[in-house]
Amino acid sequence: MATEISGGLGPVEAFALVGVVGVGAQWLAWKFRLPGIVVLLLAGLILGPFTGIFIPERDIGDLVSPMISLAVAVILFEGGLTLNFKQLADAAPGVRRLVLIGAPLGWLLSSLALAYIAGLSWQSAIVFGGVMIVTGPTVIAPLLRTARLFNRPAQLLQWEGIVNDAVGALVAVIALEVVLVRQQELSAADAIWTVVSGVVFACLVGFAAAMAVVKAFRESLVPEYMKVPLLFVLVLAAFAMANMVLHESGLLAVTVMGLIIANANLPSYAEIYRFKEQATTLLLSGVFILLAAGVNFEMLGLLNWRSALFIVAVILLVRPATVMASLAGTPIPWKERLLVAFTGPRGVVLLAISGIFAERLVAEGVSDGAVLQPLAFVLVLSTVVLHGFSLKPLAQKLELSSGETPGMIVVGGSAFSTGLATALINADVKVLITDPNRGMLRSAREGGVPTYYGDILSEAADHGVEFISYSTILAASDNDAYNTLVATDLAPEFGRDSIWQISRAKEDRARHSLPNQLGGQGINGGRTLAQYLELLAEGWIFRTTRLTEEYTYDDWKELREGAIPLAIVEDNTVRFVGRDEEIEGAPEMRIISLIPPEIAEKIRRESNDVSKERQQAREEAEAVRKGAGSGSQSAETARDPADASDDEVLDETGAEPDDDGGSEAEAEAGNGHGSEMARDRGAYFGGTDNGEGAEDTARPTETDKESDRG
């Protein structure tokens with residue numbers, strides 16, 4: 001399609017450009033670990049006001065406003081789908097207060113700040129103050145993924161953002177009706193009837209649409225391939241019908257609709273939610289590109305120093321005061337209150353609604369209503385950039401985030417799982433072993449490894465396990481079918497590249513093989529759990545080895561002939577070694593491996609020899625001190641070699657030297673006979689998998705961490 005005479009893009013080129021730039025910006029944000037919303041806004045500004053390549057009003061025209069409105073409706077509906085009451089847990093009191101107390105208090109404080117700091121008229125102040133209740137679920141969700149918050153603070157921010165989005169839109173509508181009553185001299189009764197009837201109608205429309213979906217899905221009135229299209233159509237219809245009665249009440253209708261469906265326990269809910277989440281990512285990218293590209297710098301000239309002071313007051317005074325007052329007297333810890341108080345980014349809904357209401361106010365003779373749109377953009381830009389870069393470090397400072405420490409969940413308790421977990425812990429990896437059979441977790445509990453008793457796929461695990469703290473899953477139970485189910489179910493949430501599974505029995509035969517979309521990735525060697533347990537029974541041990549500039553991967557292979565590398569810890573990430581994968585060693589990389597019995601025995605012998613030499617050096621140093629006197633130079637000279645030996649041989653963990661002569665820190669977990677120091681660091685009792693409810697066999701195995709001079 002040819003471009004327009006004005007030099008702009010045609011609609012097809014414009015839509016394609018928005019899609020490519022939006023998704024590309026999201027990918028760049030993921031690649032370089034930047035806040036996605038910040039990159040989207042920057043991309044939109046570059047496309048629009050900075051270069052003039054894409055101007056929405058010029059290239060798309062009247063389609064901009066309805067496109068943004070429909071996209072916001074779908075985004076809010078998807079947000080409602082996340083509001084499952086069972087997941088609220090102990091965050092429920094805080095959410096209620098943030099909605100029932102925080103919303104009206106935020107409206108009041110924001111309106112006062114607009115009137116007395118920004119210098120707006122009371123008409124514009126109460127309308128925009130209502131819109132400012134919205135904290136932006138379109139922004140919160142991407143920030144939460146980046147910050148990796150713990151469950152409760154994440155739930156507080158997420159629920160507040162989604163619920164208050166609809167509440168803020170309605171409050172702004174009510175405020176606008178009040179202004180219209182004064183400006184047009186309408187009766188108060190007419191205004192009240194308009195608002196109340198619109199709110200009630202929106203709730204009824206949302207409820208009816210949700211119940212229609214629930215009934216159709218439960219009674220199989222709709223085939224599987226039509227469920228998502230039906231859902232989309234009903235969302236758009238509910239939004240449009242509610243808006244026909246009261247402007248912007250459609251936001252309430254779609255939120256109610258999503259909330260009811262989320263709590264209806266539909267069997268197809270997981271598939272629906274995942275598809276909607278992907279659609280929301282596309283819509284969110286497009287909306288932010290459209291809004292940023294449509295910014296007119298001439299409109300920003302309407303702002304002054306009072307506007308800047310207002311932005312500062314909102315971030316540092318209004319938001320913290322609202323949250324602290326709302327959560328006062330709740331059992332929520334002060335750290336979580338502080339995090340929520342200083343996290344209030346605004347997003348798409350604020351921009352979209354403020355633009356619409358600004359036009360209505362100007363049309364009714366409120367001249368400073370024109371300031372609302374540029375003020376809203378600056379507020380959104382400021383809060384998105386600020387919180388986009390501050391949320392993660394603030395959460396880490398307050399110890400409310402999993403931080404950069406890699407984490408792994410091992411599904412299935414066994415001697416293999418316990419030994420692997422112990423080796424990973426020695427490599428500074430956070431590990432959790434889960435099993436629905438309490439007896440299978442015995443060896444892990446005795447070894448001091450964190451455990452979770454229960455099904456990892458259960459609803460109880462959703463709020464009983466901090467999934468955000470873990471980035472990798474290994475399905476390693478004694479049930480191949482269960483391993484495949486776990487890997488398949490958790491793959492969309494964690495990413496298929498983070499889901500691993502030990503080999504299934506007979507999977508190399510055609511009649512037992514599964515398609516690639518089922519199960520997880522196979523780990524090096526392609527062994528089953530029974531085969532790994534047999535290796536441990538033969539005397540194989542787990543080791544954690546740190547590579548250095550001097551001690552390379554080639555050195556490791558030469559000195560560890562026959563060893564099986566299983567996992568790699570590097571750059572704050574942990575992953576397993578894939579089947580037939582060639583490892584590219586790098587300094588500071590840690591390799592978790594299984595070591596053959598003969599090499600394991602050599603390690604123990606040389607470790608014991610070094611321990612004897614150290615003990616002999618200490619005894620000789622003590623003898624010299626007693627013979628020469630405590631103040632003599634000879635005593636000091638005699639003492640230094642022993643002390644220096646200790647410093648050189650031991651690393652910061654107090655581990656003993658390895659047999660290789662390389663700068664290596666290793667951890668042993670198997671059925672060997674390590675030093676007393678090894679036993680202190682965490683002996684565990686491995687067990688054999690004898691079936692459901694079987695008692696573990698008491699077979700002592702030990703963990704030994706060692707380090708060499710380097």
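A cavity here is a set of grid points where a 1.4 Å probe fits but cannot get out, and a residue lines it when an atom lies within 4 Å of such a point. With that in hand, here are some exercises on this predicted model.

**Exercise 1. The largest cavity**

Find the residues nearest the centre of the largest cavity, and describe its lining by element and by class.

*Solution.*
- Step 1: Start with the inventory: the structure holds four cavities of 30 Å³ or more. The largest encloses about 130 Å³ of space.
- Step 2: Go to its centre. Of the 14 lining residues, G106, I133, R319, T322 and R346 lie nearest to it.
- Step 3: Assign elements. Two or more lining residues come from each of α6 (102-116), α9 (151-184) and α15 (305-327). The top contributor is α6, with four residues.
- Step 4: Sort by class. The lining has five nonpolar, six polar and three charged residues.

**Exercise 2. The second largest cavity**

List the lining of the second largest cavity and work out which helix gives the most to it.

*Solution.*
- Step 1: The volume is about 50 Å³.
- Step 2: Around this space you will find S69, V72, F239, E248, L251, A352, I353 and I356.
- Step 3: Both α4 (64-81) and α17 (348-363) give two or more residues to this lining. The most comes from α17, with three residues.
- Step 4: By class, the lining splits into six nonpolar, one polar and one charged residue.

**Exercise 3. An open site**

Now turn to the second largest pocket: which element supplies the largest share of its lining?

*Solution.*
- Step 1: This pocket has a volume of about 600 Å³. Its lining counts 23 residues, with E57, V64, L291, G355 and Q373 nearest the centre.
- Step 2: The elements that each give two or more residues are α3 (56-59), α4, α13 (269-293), α14 (297-300), α17 and α18 (372-397).
- Step 3: The largest share belongs to α17, with five residues.
- Step 4: The class count is 13 nonpolar, seven polar and three charged.

**Exercise 4. A helix pair**

Describe how α10 and α12 pack, and characterise the residues in their contact.

*Solution.*
- Step 1: Take the geometry. Helix α10 (188-218) and helix α12 (250-262) pack at about 35°, with axes 8 Å apart. Their crossing is right-handed.
- Step 2: Collect the contact. From α10 come V199, A202, C203, G206, F207, A209, A210, M211 and V213, while α12 brings L252, A253, V256, M257, I260 and I261.
- Step 3: Classify these residues: 14 are nonpolar, one is polar and none is charged.

**Exercise 5. The sheet**

Lay out the strand order, explain why one side of β3 and of β6 has no neighbour in the sheet, and place two helices on the sheet.

*Solution.*
- Step 1: Six strands make an open, parallel sheet in the order β3-β2-β1-β4-β5-β6.
- Step 2: Because β3 (451-453) and β6 (521-522) are at the edges with a single partner strand each, one side of each has no neighbour in the sheet.
- Step 3: Check one pairing. Strand β2 (430-435) joins β3 in the parallel sense over three bridges, and I433 has T451 as its bridge partner in β3.
- Step 4: Add the helices. Helix α19 (415-426) packs on the sheet and touches β1 (407-411), β2 and β4 (472-475), its direction making about 165° with that of β2. Helix α22 (480-494) also packs on the sheet, touching β1, β4 and β5 (499-501), at about 170° to the direction of β5.

Key:
Residues are numbered from 1 along each chain as its sequence is written. This is a predicted model: local features need pLDDT of at least 70, side-chain atom pairs count only at pLDDT 80 or more; totals for chains, interfaces and linings use all residues. Side-chain values use heavy atoms; hydrogens and water are left out. Axes are lines fitted to C-alpha atoms, for helices over the stretch in contact, and angles run from 0 to 180 degrees between N-to-C directions. A crossing is left-handed if the near helix is turned anticlockwise from the far one by less than a right angle, and right-handed if clockwise. Contact means heavy atoms within 4.5 Å. Ala, Val, Leu, Ile, Met, Phe, Trp, Tyr, Cys and Pro count as nonpolar, Asp, Glu, Lys and Arg as charged, and the others, Gly among them, as polar. Two strands pair if DSSP finds at least two bridges between them. On a 1 Å grid over the protein atoms alone, a cavity is a set of points where a 1.4 Å probe fits but cannot get out, and a pocket is an open set with protein on both sides within 12 Å along at least five of seven lines; lining residues have an atom within 4 Å of a point. Grid points are joined across faces, edges and corners, and a volume is the space filled by probe spheres set on the points.
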